[in-house]
Amino acid sequence: MTKIVNVSGFKEVLDVKDGDDIVVDAEGRIAVPSFYDMHVHLENALTLSYTGDNKSGTLSEAVERWAKVRDTLSKDDIKLIMKKAIILELYNGVTHIRTHADTCSKNLNSVKAALEVKEEMKDYVDIQVVAFPEQGVFNCDQEKFVKAIELADIIGGKPDGEDSEDLGKEQLRLIAELSLKTGKPIDAHIDQGDVLTKFAEYLLSLRHTHVALSHLTALHSAPREYAERLMSLIKRKSASVISSPLTTVYLNSRYGDYPKIRGITRIKEMLERDINVCLGHDDFQNPFFPLGFGDIIQALYLAVLLDQINPVDEVINLITVNAEREFSYASRPSKDDIVILDAKSIREQLSTLSSRFMVIRKGKIIAKTNKRGEVIVGGNTFNPFSLI
Ligand SMILES: [Zn+2]
């Protein structure tokens, strides 16, 4: 039985008191709309010490390790993990989260925990819950999946998680049908390997409500002719694409040799074609991705580097306005939240990767840093950030 222990001080962090009006002197720092993490698995963040290391680094070993731990967790255990993850996301300037909740979990604990946390933390963060079949719909319990969809905000999918291409397509027909029946949008993990699979094309060809395509890494290495066809279809269907560069770069290309295909979709080309692309952190400190602490800026930084996205000062849209557009298909986000970066420009933020200076949600300060950088040379003290 895995036991998740509360950490000292955690409760105090949650009990943020409402204060009087506060005037903030940001001293030239830049303020931007607060961030969106459009693809995360809150339920297994920070669980690496329970799952053990992912020795092969593959997605399949990560799923196996998580599934073993998942079934030992109570709903309250999962809620505690989620709240810790949310605290980190808030610190990093994220006040809108789309979390995928595993519908293969015992008693639908992951989905129920996510919905309760959504309600309990609503003053701090807008949460959307996706009913997500981590091991495929037909490898778990189909009835449970359908029940989870009734509860959740968004219909998830993972055709690559089924045992064959035919079953993957059957899963997509099921979720498309359920989206028409319930009116709920779809956000599916799709074409998330390195070899060319065509599940996204198939899903978009079906009748459904709005679709978001998560990962879509197979598009990276698709032949030009097919890539153009798929991107044109995505555009015509007004689908969004959600990329999680941190996790997919870590998990993908595990079966290949050098030169390595990098596991990231064609963000730059899709932006050029006016397709709505946004980002997720996805995993942190779990077998899917052993690093990270809920900082979506790290995901943005990696996306810029790997896909050579320009201009740097506009890429913030991937975690603000583009994300807001996709988020709005399922629920209305709070639009007044602000992050004051500890930087005078987006380029400086991406250069220093500094912690956020302050996060303001609905007019209240909910996070701030007290970082005081010092370098002492020749008896003089320099704040390195003041030199930029
Ligand atoms: Zn995911």
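In which helix is the place of Leu300? In this predicted model, Leu300 belongs to helix α12, and the report returns to its surroundings after a word on confidence and on the backbone.

**Confidence**

Averaged over the protein, the pLDDT is 91, and 93% of the residues score at least 70. Residues 1-17 have a pLDDT below 50, and this stretch makes 13 contacts in the model beyond near neighbours in sequence. Where pLDDT is low, predicted coordinates should not be read in detail.

**Backbone features**

Most peptide bonds are trans, and most residues other than glycine have a negative phi. Against that background, the table lists two cis peptide bonds and two residues with positive phi.

| Feature | Where | Angle |
|---|---|---|
| cis peptide bond | Tyr258 to Pro259 | omega near -10° |
| cis peptide bond | Asn310 to Pro311 | omega about -15° |
| positive phi | Leu216 | phi near 50° |
| positive phi | Leu353 | phi about 50° |

As to the cis bonds, Pro259 is placed in the loop that runs between α10 (245-251) and α11 (267-272), while Pro311 lies in the loop between α12 (296-307) and α13 (321-327).

Turning to the residues with positive phi, Leu216 is found in the loop between the strand β7 (211-215) and the helix α9 (224-236), whereas Leu353 sits in the loop that links α14 (346-352) with β11 (358-361). Is Leu216 buried or exposed? Leu216 counts as buried because it has 28 C-beta neighbours inside 10 Å, where 20 or more are required. Leu353, by contrast, has 12 C-beta neighbours inside 10 Å and therefore counts as exposed, since the limit for that class is 12 or fewer.

**The surroundings of Leu300**

Helix α12, which spans residues 296-307 and precedes the loop that holds Pro311, also contains Leu300. This leucine has 26 other C-beta atoms within 10 Å, so Leu300 is buried. Which residues does Leu300 contact once its neighbours within four places in sequence are left aside? They are Leu279, Val315, Leu318 and Ile319. A further reference point is Glu272, which is 28 residues from Leu300 in sequence and lies 17 Å away in space, C-alpha to C-alpha. Residue 272 is also the end of helix α11 as given by its range, 267-272.

Note on methods: Residues are numbered from 1 along each chain as its sequence is written. This is a predicted model: local features need pLDDT of at least 70, side-chain atom pairs count only at pLDDT 80 or more; totals for chains, interfaces and linings use all residues. pLDDT is the predictor's confidence in each residue, from 0 to 100. Two residues are in contact if their C-beta atoms, placed from the backbone, lie within 7 Å. Helices (H or I, at least four residues) and strands (E, at least two) are DSSP runs, numbered from the N terminus.
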